[in-house]
Amino acid sequence: MSIEITVVFDVVPDRMDSVTAAFQELCDATREEEGALRFDAFRSEEHRDVIVLVEDWADQEAIDLHMKEPYVADFLARTEGAFVRPPYVHRLRALGA
């Protein structure tokens, strides 16, 4: 069974353009990883300064390897100070599971 994660980012308004570019690069690189089943970023239509990341991973090992990738460190450096609050992470489990 895969691991599904959703992360909500409240972006500082004047950083949205640079954050969007950083997310696009992160998503492109991550989708090439063997254990990344899905890795997509979306901008909320209701809340203009919110980005939602939707992830699906083969297993915990794939997540652990992902977090060690140089482009993840680059993303974190590029987006430092760009969020109003820490990202809100939801590790999901199907109802009844």
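Biologist: Is F23 buried or exposed?
Modeller: In this predicted model, F23 counts as buried, because its relative accessibility is 2% and the cut-off for buried is under 20%.

Biologist: And which ring does F23 pair with over in helix α3?
Modeller: That would be F75. The two ring centres are 4.8 Å apart and the planes sit at 65°, so the pair is edge-to-face. F23 belongs to helix α1 and F75 to helix α3, so this pair ties together parts that are 52 residues apart in sequence.

Biologist: What about F75, buried or exposed?
Modeller: F75 is buried, since its relative accessibility is 7%.

Biologist: How many aromatic pairs are there?
Modeller: The count is 4. One of them joins F9 and F23, again edge-to-face, with 5.0 Å from centre to centre and 75° between the planes. Here F9 comes from strand β1 and F23 from helix α1, so the parts being tied together are 14 residues apart in sequence. Both F9 and F23 are buried.

Biologist: Which residues make up the aromatic cluster?
Modeller: F9, F23, F75 and F83 form one cluster.

Biologist: Let's go to the nonpolar core. Which residues touch the most other members of the largest one?
Modeller: That core has 22 residues, and the ones touching the most other members are F9, V19, F23, I51, L53 and W57. You'll recognise F9 and F23 from the aromatic cluster.

Biologist: Which helices and strands supply that core?
Modeller: At least two residues come from each of β1 (3-10), α1 (16-30), β2 (36-43), β3 (50-57), α2 (60-67) and α3 (70-78). The element that gives the most is α1, with 6 residues. As general background, nonpolar side chains tend to be buried together in soluble globular proteins.

Biologist: Pick I51 for me. What is I51 in contact with?
Modeller: Setting aside neighbours within four places in sequence, I51 is in contact with V7, V8, F9, V11, M16, V19, T20, F23, A41 and F42. So you can find F9 and F23 on that list too, if you click on I51 in the structure.

Biologist: Switching to the sheet: what order do the strands come in?
Modeller: The 4 strands of this open sheet are ordered β2-β3-β1-β4, and the pairing is antiparallel. β2 and β4 (88-92) stand at the edges with a single partner strand each, so one side of each has no neighbour in the sheet. On average, neighbouring strands are turned by 15° against each other, ignoring direction.

Biologist: How many bridges join β1 to β3, and how many join β1 to β4?
Modeller: There are 8 bridges between β1 and β3, and 5 between β1 and β4. For instance, V8 has V52 in β3 as its bridge partner, while T6 stands opposite H90 in β4.

Biologist: Last topic, S2. Where is S2 found?
Modeller: S2 is in the segment before β1. S2 is partly exposed, because its relative accessible area is 28%.

Biologist: Which residues does S2 touch?
Modeller: Not counting residues up to four places away in sequence, S2 touches L37, D56, W57 and A58. With D56 there is also a polar contact between the two side chains, at 2.7 Å.

Biologist: And how far apart are S2 and Q60?
Modeller: They are 58 residues apart in sequence, and 8.8 Å apart in space from C-alpha to C-alpha.

Terms used: Residues are numbered from 1 along each chain as its sequence is written. This is a predicted model: local features need pLDDT of at least 70, side-chain atom pairs count only at pLDDT 80 or more; totals for chains, interfaces and linings use all residues. Side-chain values use heavy atoms; hydrogens and water are left out. A nonpolar core is a set of buried Ala, Val, Leu, Ile, Met, Phe, Trp, Tyr and Cys residues joined through side-chain atoms within 4.5 Å. Buried means under 20% relative accessible area, exposed over 50%, partly exposed in between (1.4 Å probe, protein chains only). Contact means heavy atoms within 4.5 Å. Two strands pair if DSSP finds at least two bridges between them. Axes are lines fitted to C-alpha atoms, for helices over the stretch in contact, and angles run from 0 to 180 degrees between N-to-C directions. A polar contact is a pair of N or O atoms within 3.5 Å; within protein, one must be able to donate a hydrogen and the other to accept it, and residues adjacent in sequence count only if both atoms are side-chain atoms. Rings of Phe, Tyr and Trp (its six-membered ring) pair if their centres lie within 6.5 Å; planes under 30 degrees apart count as stacked, over 60 as edge-to-face and the rest as tilted.
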